[in-house]
Structure formats: structure tokens, C-alpha cells
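Work through the exercises below with the structure open. Try each task before you read its solution.

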Amino acid sequence: MRDRRLVALIFSATAILVFGVYGVVAAPGAVVASPSPRPTPAGDADDAETPEADAPVTRAGNTPSPVPVSPAPNLVTLIPVTPTPQGGPGATAANYLTAWQNGDFTGMTGMVVDPPVDFGVRHRGFDADLRVASLSLTPGELRVHGEEQAEMLFSGVRRINGLGDWPFDSVLRLELRFGVWKVRWSPETMHPSLKDGGSLRLRETEVRRPATLTREGEPFPRDSRAGHYFDGLSNTAVELKLEESPSGKVLLASEPSPESGARTTISQPVQAAAARALDGVEQSAAIVAVDVQTAQVRAVADTLGGKQAFGGLYPPGSTFKVVTAAALLRAGLTPESPVPCPAAYTIPNGRSFSDSDGVDHGSVALTTAFALSCNTTFAQQTYERLRDDRLRAEAADRFGFREKPGLSACRIQPYGSPDQLGSDAIGQNSVQASPLCMAEVAAAVASGVWKPAILTEAPPADSPAPVPLDEGVAAGLRTMMGAVVTQGTAAQAGLPPDTAGKTGTAEVEGAGDHAWFIGYRGSLAFAVFVRHGGAGGKVAAPIAARFLNAL
């Protein structure tokens, strides 16, 4: 009897142990149960907001309610239960490509079968060696081979600094591992040229040739800070080639060097003065100068990099008050019109604006408010007089703040609230401009006609047409910009006589203010910009003084 009980206990324990691993198939009428829930597929990971943000891939499972089991019959058959994979191969492929595009190498590693220990290092080294500035990936056709193998075709575009866009096509191979689809990675996943030990390299070749010349036929000055804009300033040019090894095939090459000894619109003395004015400036900065009558670029000294003096977009701060003042003059004010310049002003049911000096100047002429750069004045007058979209129209139609062909970049968006309109009025919110765009604004005031800046003798065929300003508006702006230098925020900067201009201090969320000064003197209009430099009157205006006093 004792032996029978012992056998029964052993049988029961064995059945319980097996039951946790196997499903039970009973005789007719019995219930089949699986104690371990099958994970449900998860969707693709959300795209991150910026290329630098991590995009970890997560999957969620569901916990089912217990399944009732009928009393065990006398005879059972035990069979294995095949687990359901967490998400299909398409979901894994999409998640992997998203993580790759966002630079999330940690997330990518978790989706790879047996990743090499230097997985992330290989990707970073590939990008660094080839000077990859950005990567975009597009998933393609998914091919499933049986139950455990799949592949996704995909295409990509790498942007190579100095060469441009480099498209490629590759394949993402996948396999089912322990119920989870994973990527079977190999070097050629990054690029087909890496298959079987192949490699890629950037080859730089320095080519001797005559220098690009100034408009006077002379070489550019030493350390001109214009190397981003013109080739061969030191009698050499660099040719770039992206080559495949060992085949030697050239996959991408830089454009051929332009004709030797070509003259530009750059003036040798003006360029030299601009370059030397930036000597000793620790922050990244730029000076752009254009001819008032022809709009030809006479100088560009740029330490911002990447031709940002022409195409970079930055909030112009109070230098944009030149445009706002033009709209107010067109709306009926004059330079002598009395306007309040309080220490603070609050838009009805909206935000408050204040001035940096914290002083209530009472009622002053519009010219004085402009010279003192009263934020409160321009926010209030814009709210009261320009709510019918006149400010954006003035900027877009008469000062080039719109999408257009040409060298400069600047823009303003339709405002969505009075708060946004008030902020636009002082060069914040949606207003953005490059230094060259603001030099065009200063030149328009000096000449009475807005023209797009050019680097050629005559405007290109697709160049925007010149836009004349109303003579009364232009004359009023000249008076107001002169007052900035004689009695306003640039009075202590050491600017030479007959200079007119406008200071600007542009707020940047989470970083230091940008410093601006734009203006004109004689035949030159110019813009000085110091990224995160601080106050325009204390930083940018003295740099402008060094530039002008050296001419």
C-alpha cells in the first residue's frame, strides 16, 4: 500500500513539472492550457524629435487570465507549444532603422544577433572617417523566407561634408531567435562596399593653381576668414574623393575647381578690414559688407563655419526694429511722433515686455524710442497699429523676409496671437535672418531700394526684383538709424562720423544672447553678428567700429 502511494506521488509531481512546460492534449472533451502567456507584438518605436536623441525600442506583453483545466483523464499526450515571436520582422527592421537614423547605437545593439563588442565604435568611426554630417534611411520591400528568416531592402542618404549627398542601397537580414526577431548584422549592412573585408576612404588631394582674386585683381588678404566662400585663396585647392577599396572605384567626388584666377566682387581693403576686426573675438562671429548701390558683396569674414554668414538663421533681435519702424511709418507715424517708452508694457490679456535699462522714459519721439531700443514702445505700437498683418507684409514684401532664390536667408511667419506679434516686432519669435540678410536691410535704408546681395557683376536671371521703399519711409529710417549712433545704444562704441545703424541683442532660450549691429557708412552697408556674444551695443558695435575705422 505504501509503495502504491509513493508511485502516485512521484507520478503527480512529474505531471505538475511537465505541465509548466507543455500544453496538455486530452481525450475528447478535455481543455488544452498553456500557463505561460504568449507575448503580443509591439508597434514600432516612436521617432525621436532630434538626430541626437536616443530611441530605445520597447515591447509590451499582455498577461492573460488563467485558463481553467478540466480534471486530468486517465490518458494524456504531451506536445511542445511553439512560442509566438514578439513582433514581426517588419517591426524589428523598422525599429532598427529608426534607432540607426537617430544615432541610438545602444538600442541597435539590443536588436542584433551576437553583436560585436565594438558595434557602436564601428558605426561612429565609419561616420567620423567619412565626415558624415547626417543620415536618412527609408525602409523598402520585406521578404520573408520560411518561418525564421527574412530580409528588408532599404535605401539611405548620407550627407558628406565637402561632397554633398551620397545615396546607397543595402539589405537588413533578420532571423527568429528564441521567439524574437533580430537583425543578423554584418559590416555590409552599413554599406555594400564593406562586404568581404572591403573598405571606404576619403582621399584629399591638394591641387596647385592660381588664387581666386579680389575685384582689384589682387590676392585675398592673409587669414581672410573667407575660405568657406571661395576656393584657392592660398594658391591651392583641395579635391575630395570617396573611394572604394580595393577596387579603387570613386563613389563620390567634389566639383572640379573653378577657372583659375577668377575675379570676385570682394574688395581687398574691405575684406582685410573685416577679417582683422574679428581678430581676438573669442565667440564665433561674422561681418558681411555690401555695396549700397549694386548690392555686390564686398567682404565676408566668417568664423561661424558652413557659410552661416549667408545662409544661417538667427533671431535678429532689435536690429529688426528697422523693419518694424518702416511698417509704423507706413501706418502713419513720423520720426517725431510722440510715443510712450515705459519700463514695462503688457499686451492686453497677454504677456509683458520690458527694457534692458529698466527706466520709464515717459513720452518720447519715435526716433528717441528707436535710438534707446525701447522694446515696450515697439511691442505696444505694433499691437495697436499692425494687427492686420502689416508687419509681416512689410518684412516679406519690402525687405526680403520670404522664400526666394539668392545668397541670403531670412523669414517671418504669420503670427498666431498678440503675444507672438509683439515678440515678432522686436526680432524674436518667428523672425530669423542671416547676417547677409540684415546687411541687405541696412543697404535698403541707405539707397532707398531693397536689392538681393550678389557675388557677380550683374544679378542672376532668377534674382528677385528690386523693391523701392517709399522715400518718406527711407528718409525717416535714416534719421532714426543716425540717432542710434549719436545719442542711442551705439553712442559709446567709437563709430566714425556719418555712421548710421541699429544695435540688437537677441535672446536665445537656454543659451547666451546673440550680439548684432547693422548699419551703413558711405558706399558700404554691413552687418556684424557675434553668436552668443551678449549685448549688441557693447560687443557688436565696437567690432563694427574697428571695421569701419580700418577702411
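**Exercise 1. The two sides of a helix**

Which residues are exposed on the other side of helix 4, away from its buried residues?

Solution. Remember that this is a predicted model.
- Step 1. Find the buried residues. In helix 4, residues 119-129, they are Phe119, Gly120, His123 and Phe126.
- Step 2. Check where they point. They span an arc of only 130 degrees around the axis, so they lie on the same side of helix 4.
- Step 3. Recall the helix geometry. An α-helix has 3.6 residues a turn, so residues three or four places apart point the same way.
- Step 4. Turn to the other side of helix 4. Val121, Ala128 and Asp129 are exposed there.
- Step 5. Look past the end. Arginine 131 follows helix 4, and its phi is positive, near 55 degrees.

**Exercise 2. A buried helix and its cover**

List the buried residues of helix 11, then name elements that cover them.

Solution.
- Step 1. Go to residues 418-425, which form helix 11. Its buried residues are Leu421, Gly422, Ser423, Asp424 and Ala425.
- Step 2. Find the cover. It includes helix 7 (321-330), strand 14, helix 9 (375-385) and helix 10 (390-398).
- Step 3. Inspect the backbone just after helix 11. Glycine 427 has a positive phi of about 75 degrees.

**Exercise 3. The nonpolar cores**

Identify the residues that touch the most other members of the largest nonpolar core.

Solution.
- Step 1. Take the whole set. This core holds 106 residues.
- Step 2. Pick out the best connected. Val300, Phe399, Phe401, Leu477, Leu495, Phe517 and Phe547 touch the most other members.
- Step 3. Ask which element gives the largest share. Helix 12 (residues 435-447) does, with nine residues.
- Step 4. Zoom in on leucine 477. Neighbours within four places in sequence aside, leucine 477 contacts Val322, Ala325, Ala326, Leu329, Phe399 and Val445.
- Step 5. Look for another core. One of 35 residues lies apart, and Ile160, Trp166, Leu176 and Leu242 are among its members.

**Exercise 4. A pocket and its lining**

Describe the second largest pocket by volume, lining and chemistry.

Solution.
- Step 1. Start with volume. The second largest pocket has about 660 Å³.
- Step 2. Move to the lining. It has 24 residues, with Ser318, Ser356, Ser373, Asn375 and Thr505 nearest the pocket's centre.
- Step 3. Assign elements. Strand 14 (352-354), strand 20 (500-508) and helix 14 (536-549) each supply at least two lining residues. Strand 20 gives the most, four residues.
- Step 4. Sort the lining by type. Four residues are nonpolar, 14 polar and six charged.

Notes:
Residues numbered from 1 in each chain as written. Predicted model: local features only at pLDDT ≥ 70, side-chain atom pairs only at ≥ 80, totals over all residues. Heavy atoms only, no water. Buried < 20%, exposed > 50% of the residue type's maximum accessible area, 1.4 Å probe, protein only. Arc of directions from axis to C-beta. Core = buried A, V, L, I, M, F, W, Y, C linked by side-chain atoms within 4.5 Å. Contact = heavy atoms within 4.5 Å. 1 Å grid on protein atoms, 1.4 Å probe; cavity = no way out; pocket = protein on both sides within 12 Å on 5 of 7 lines; lining within 4 Å. Points joined across faces, edges and corners; volume = space filled by probe spheres on them. Nonpolar A, V, L, I, M, F, W, Y, C, P; charged D, E, K, R; others polar.
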